[in-house]
Amino acid sequence: MDNKRNGFNDGHLFRIWTDAGNEAPLPEEQIRNAYRRTERRMAGSSAGKFLLTCTKIAASLFIPAVLLSVWALSGKGQATEVTWTQVYVPKGENKEIVLPDSSHIWLNSDSYMVYPDRFSGDERKVFLCGEAFADISHDSSRPFVMETQCADVKVFGTRFNVKSYADDGYTETRLVEGSVAVSFGSREITMKPGEQLTVDHSTMSGSLGTFDANGYHSWHDGTYLFKDNTLEEIIRYLERIFDKRILICDSSLLDNRYFVVFSSSMTIGEMLSALDIKSEMRIENKGGVIELHARCIQQTNQTILITQ
C-alpha cells in the first residue's frame, strides 16, 4: 500500500503496537483506545473507512502476538485485507521468522516486530523495536524497509543486523552483505559491507564505523561481540539474553571499556568472570539478583581486551 497515495501514515500503526506494550493477554480496552486514536487520525483521508480487529494468539513458545487486520481501498477501489502480526520475544529467548517474501528474520531477546501476511504496494515494510538479524530476499522492484523508532533501513536484498532498544538510546545498523540506505532525521546514509552506523536517539546524529564483514559472527549464530563497550552497556545486554537482574553497585566499575567475544554456550557466571579478568570485581548472587562490587579502589578509564 502506497502510504502517500492513500493518505495513510504507517507511523500510526507503529504507535499502535508501541502503545500495546508487552503484557499478555493484551487488554481489549487498550486495543480499542489505540484504534480510536488511529481512527481520529484517519478521518477524512482518501484511504476510506479504517477498520481494526484484534485477535490474541499463542505461539509454540507462548510468545504473545496480536493479529491486526487493516482494511483500505486498493488502487482499483476494492477493499483488500492485510493482516499484521505483532511478535514479542521475551528476555532469555530468540526466534526466527520467515516473512511472506521468504526473507528470514531472527529476533533477539526482548524484541518486538510487526509484519504483514503479504506485501502489497511498492514497499515491503516491517516495524522493529529491539534487535534483529535479517537475511532479505532480493526484489529490485520493491525495497524492503525496516522501520525503528528513529531510523529506517531500506534494502533490496541483503544481510544486516539492526539493534534499536528504547533504553539503549541509540540505533545501530551493521551491514554484512549488499547495500542499505539508512534514513534518520533529514539525513540518509548509504552503507557498504563492513560499515556500522550508530544513530543517537536524542541528538539524531550519526556515527559511521567499520567491522570485519568477512569474518562476521553475531548473536544469531551464537556469538556475542562487544567492541569498545562500557560495562554498563554489556550488563544491559546480558540482562536481556539471560533474563537476569544485574546491579553494578560501585560507580568505579563504570569507567572501564571492553573488547570481548562470548559464545552462547557460556553461562552468565562464566561471562561475568571473564569480564573480571583483572580481579577487580566481587560477584555476589543475592536472592536471584547478581551484584557487582569493586574489590578495591582501582584505576579508571581502562580499556580491557579479553580473548576467550
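The side chain of Ser111 makes a polar contact with the side chain of Tyr165, at 3.4 Å. That's a good doorway into this structure, which is a predicted model. The protein chain has 308 residues, and 47% of them count as buried. Its secondary structure comes to 4 helices and 21 strands. As for contacts with a separation of 6 or more, 49% are between residues 24 or more positions apart.

**Ser111, tucked away**

- You'll find Ser111 in strand β6.
- Is Ser111 buried or exposed? Ser111 counts as buried because its relative accessibility is 0%, and the cut-off for buried is under 20%.
- Besides Tyr165, the Ser111 side chain has another partner: the backbone nitrogen of Glu131, at 2.9 Å.
- Skip the residues up to four places away in sequence, and Ser111 touches Val87, Tyr88, Val89, Cys129, Gly130, Glu131 and Tyr165.

**Strand β7 and its neighbours**

- Three of those names bring us to the next topic: Cys129, Gly130 and Glu131 are touched by Ser111, and strand β7 covers residues 124–135.
- Strand β7 is mostly covered, with 10 of its 12 residues buried.
- Strand β6 (residues 111–116), the home of Ser111, pairs with β7 in the antiparallel sense over 3 bridges. Here Tyr112 stands opposite Cys129 in β7.
- Strand β5 (residues 104–107) also pairs with β7 in the antiparallel sense, over 4 bridges. Look for Leu107 standing opposite Ala132 in β7.
- With strand β10 (residues 159–164), β7 makes an antiparallel pairing over 6 bridges. In that pairing, Gly130 faces Ser164 in β10.
- Which way does β7 run relative to strand β8 (residues 144–147), parallel or antiparallel? The two pair in the parallel sense, over 4 bridges. To spot the pairing, start from Arg124, whose bridge partner in β8 is Phe144.

**Gln196 and its contacts**

- Now hop along to strand β14 (residues 195–200), where Gln196 lies.
- Gln196 has a relative accessible area of 15%, so this residue is buried; the cut-off is under 20%.
- Which side chains make polar contacts with the Gln196 side chain? One is Glu172, at 3.4 Å, and another is Arg174, at 2.6 Å.
- Leave aside neighbours within four places in sequence, and the contacts of Gln196 include Glu172, Thr173 and Arg174. Also on the list are Met191 and the run of Ser207, Leu208, Gly209, Thr210 and Phe211.

**Two helices side by side**

- Helix α3 (residues 231–242) and helix α4 (residues 268–275) have axes that come within 11 Å and cross at roughly 170°.
- That angle is over 145 degrees, which means α3 is roughly antiparallel to α4.
- So who meets whom? From α3 come Leu231, Ile234, Ile235, Leu238 and Phe242, and from α4 come Ile268, Met271, Leu272 and Leu275.
- Sort those residues by class and the contact of α3 with α4 has 9 nonpolar, no polar and no charged residues.

**A three-stranded sheet with helices on it**

- An open sheet of 3 strands runs in the order β17-β20-β19, with mixed pairing.
- Its edge strands are β17 (245–248) and β19 (281–286), since each pairs on one side only.
- From one strand to the next, the twist averages 20°.
- Strands β19 and β20 (residues 289–294) run antiparallel and are joined by 6 bridges. One spot to check is Met281, standing opposite Ala294 in β20.
- Helix α3 packs on this sheet and touches β17, β19 and β20, with its direction at about 165° to that of β17.
- Helix α4 packs on the sheet too, touching β17, β19 and β20, and its direction makes about 155° with that of β19.

Definitions and conventions. Residues are numbered from 1 along each chain as its sequence is written. This is a predicted model: local features need pLDDT of at least 70, side-chain atom pairs count only at pLDDT 80 or more; totals for chains, interfaces and linings use all residues. Side-chain values use heavy atoms; hydrogens and water are left out. Buried means under 20% relative accessible area, exposed over 50%, partly exposed in between (1.4 Å probe, protein chains only). Two strands pair if DSSP finds at least two bridges between them. A polar contact is a pair of N or O atoms within 3.5 Å; within protein, one must be able to donate a hydrogen and the other to accept it, and residues adjacent in sequence count only if both atoms are side-chain atoms. Contact means heavy atoms within 4.5 Å. Axes are lines fitted to C-alpha atoms, for helices over the stretch in contact, and angles run from 0 to 180 degrees between N-to-C directions. Angles under 35 degrees count as roughly parallel, over 145 as roughly antiparallel, 65 to 115 as roughly perpendicular and the rest as oblique. Ala, Val, Leu, Ile, Met, Phe, Trp, Tyr, Cys and Pro count as nonpolar, Asp, Glu, Lys and Arg as charged, and the others, Gly among them, as polar.
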